[in-house]
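User: Can you walk me through this one? I'm new to reading structures.

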Amino acid sequence: LTPGYQAFIEASGNRRQYESEFDASPDHLKRSSSGYAVAVGTQLNLGSLITGTAYLGYQNQQYDDARLSTAAGLYLGASVLWNVTQLTSLKFAANRSIQETILIGSSGYWDTELSVTAEHELVRNILITAGLAYSLDDYQGIKLTETIYSANAGVRWRFTQNYSVGVTALIQHRSSTLATDRFTRAGAAVDLKYSF
């Protein structure tokens with residue numbers, strides 16, 4: 001289109017086939033389905049400052065069992081990296097798509113996710129990160145929505161060219177229209193990585 005911008009058209013189809021013809025619910029629903037998605041999008045490449053991809057379209061998933069409602073609607077995705085400085089970067093991501101479920105009465109759910117992650121190179125071999133994320137699951141055919149908020153922070157030390165060790169802390173809260181599905185959890189992890 002212009003320098004730094006490329007347009008594209010995306011089309012895909014799928015067939016989701018379950019090994020067992022019926023699920024274990026009292027109504028014995030057939031969960032196999034067929035679907036498609038179409039979208040238009042753009043790729044960004046504004047030198048070393050901003051790079052990424054974004055698309056917007058329509059997705060449809062139709063189930064073999066007529067008792068399961070068709071899931072159809074807005075389909076989107078984006079992933080953009082902004083190098084604020086040579087040492088600091090921000091990554092923005094967004095996705096909305098249809099996912100599978102085995103909840104009784106629901107054909108599937110729309111999964112909407114938004115996130116932002118910041119990275120900063122403290123010194124040459126130490127990287128600190130922090131992130132926020134939001135997720136909304138809207139179940140089709142039943143009155144159930146779940147919302148998940150999460151935050152994380154971490155530090156990674158590359159002590160050789162190939163090896164690094166990282167520490168990450170996470171807190172997550174889930175709210176739901178179903179009282180028994182609400183919770184808050186916190187966790188921490190330590191990992192050793194080898195890269196080549």
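Analyst: Below we go through the strands, the overall spread and one surface patch. Keep in mind that this is a predicted model.

User: How many helices and strands are in the protein chain?

Analyst: The protein chain has zero helices and ten strands. Read along the sequence, the pattern is β-β-β-β-β-β-β-β-β-β.

User: In what order do the strands sit in the sheet?

Analyst: The order is β1-β2-β3-β4-β5-β6-β7-β8-β9-β10. The sheet is open, and the pairing is antiparallel.

User: Which are the edge strands?

Analyst: They are β1 (5-16) and β10 (183-194). Each of them pairs on one side only.

User: And how much are neighbouring strands turned against each other?

Analyst: By 15° on average, direction ignored.

User: What holds paired strands together in general?

Analyst: Strands of a sheet pair through backbone hydrogen bonds.

User: Back to β1. How many bridges join it to β2?

Analyst: Twelve bridges join β1 to β2, which covers residues 33-46. Within this pair, Gly 13 has Tyr 36 in β2 as its bridge partner.

User: What about β7 and β8?

Analyst: They pair in the antiparallel sense over 13 bridges. β8 covers residues 145-158. Leu 136 stands opposite Thr 147 in β8.

User: What links those two strands?

Analyst: They form a hairpin, with five residues between them. Gly 141 sits in the turn and has a positive phi of about 90°.

User: Then which strand does β8 go on to join?

Analyst: β8 is joined to β9 (residues 163-176) by 13 bridges, again running antiparallel. These two also form a hairpin, with four residues between them. Asn 152 stands opposite Leu 170 in β9.

User: New topic. Is the chain spread out or compact?

Analyst: Its radius of gyration is 21 Å, while the globule rule gives 16 Å for 196 residues. The value is well over the rule, so the chain is more spread out than a compact globule. The C-alpha atoms fill a box of roughly 60 × 45 × 30 Å along the principal axes.

User: How many of the residues count as buried?

Analyst: Of the 196 residues, 27% do.

User: Now the surface. Which residues make the nonpolar patch?

Analyst: Leu 122, Val 123, Ile 128, Val 155, Val 167 and Val 190 make it. The patch is about 490 Å².

User: Where is Ile 128?

Analyst: Ile 128 is in strand β7, which covers residues 126-139.

User: Why can Ile 128 count towards a patch?

Analyst: Patch residues need over 30% relative accessible area. Ile 128 is partly exposed, because its relative accessible area is 32%.

Methods:
Residues are numbered from 1 along each chain as its sequence is written. This is a predicted model: local features need pLDDT of at least 70, side-chain atom pairs count only at pLDDT 80 or more; totals for chains, interfaces and linings use all residues. Side-chain values use heavy atoms; hydrogens and water are left out. Patches are made of residues with over 30% relative accessible area and no salt bridge: like charges are joined within 9 Å, nonpolar side chains (Val, Leu, Ile, Met, Phe, Trp, Tyr) within 5 Å. Accessible areas come from the Shrake-Rupley method with a 1.4 Å probe; for residues, only the protein chains shown count as cover. A salt bridge is a side-chain nitrogen of Lys or Arg within 4 Å of a carboxyl oxygen of Asp or Glu. Buried means under 20% relative accessible area, exposed over 50%, partly exposed in between (1.4 Å probe, protein chains only). Two strands pair if DSSP finds at least two bridges between them. Axes are lines fitted to C-alpha atoms, for helices over the stretch in contact, and angles run from 0 to 180 degrees between N-to-C directions. The radius of gyration is taken over C-alpha atoms; the globule rule is 2.2 Å times the number of residues to the power 0.38.
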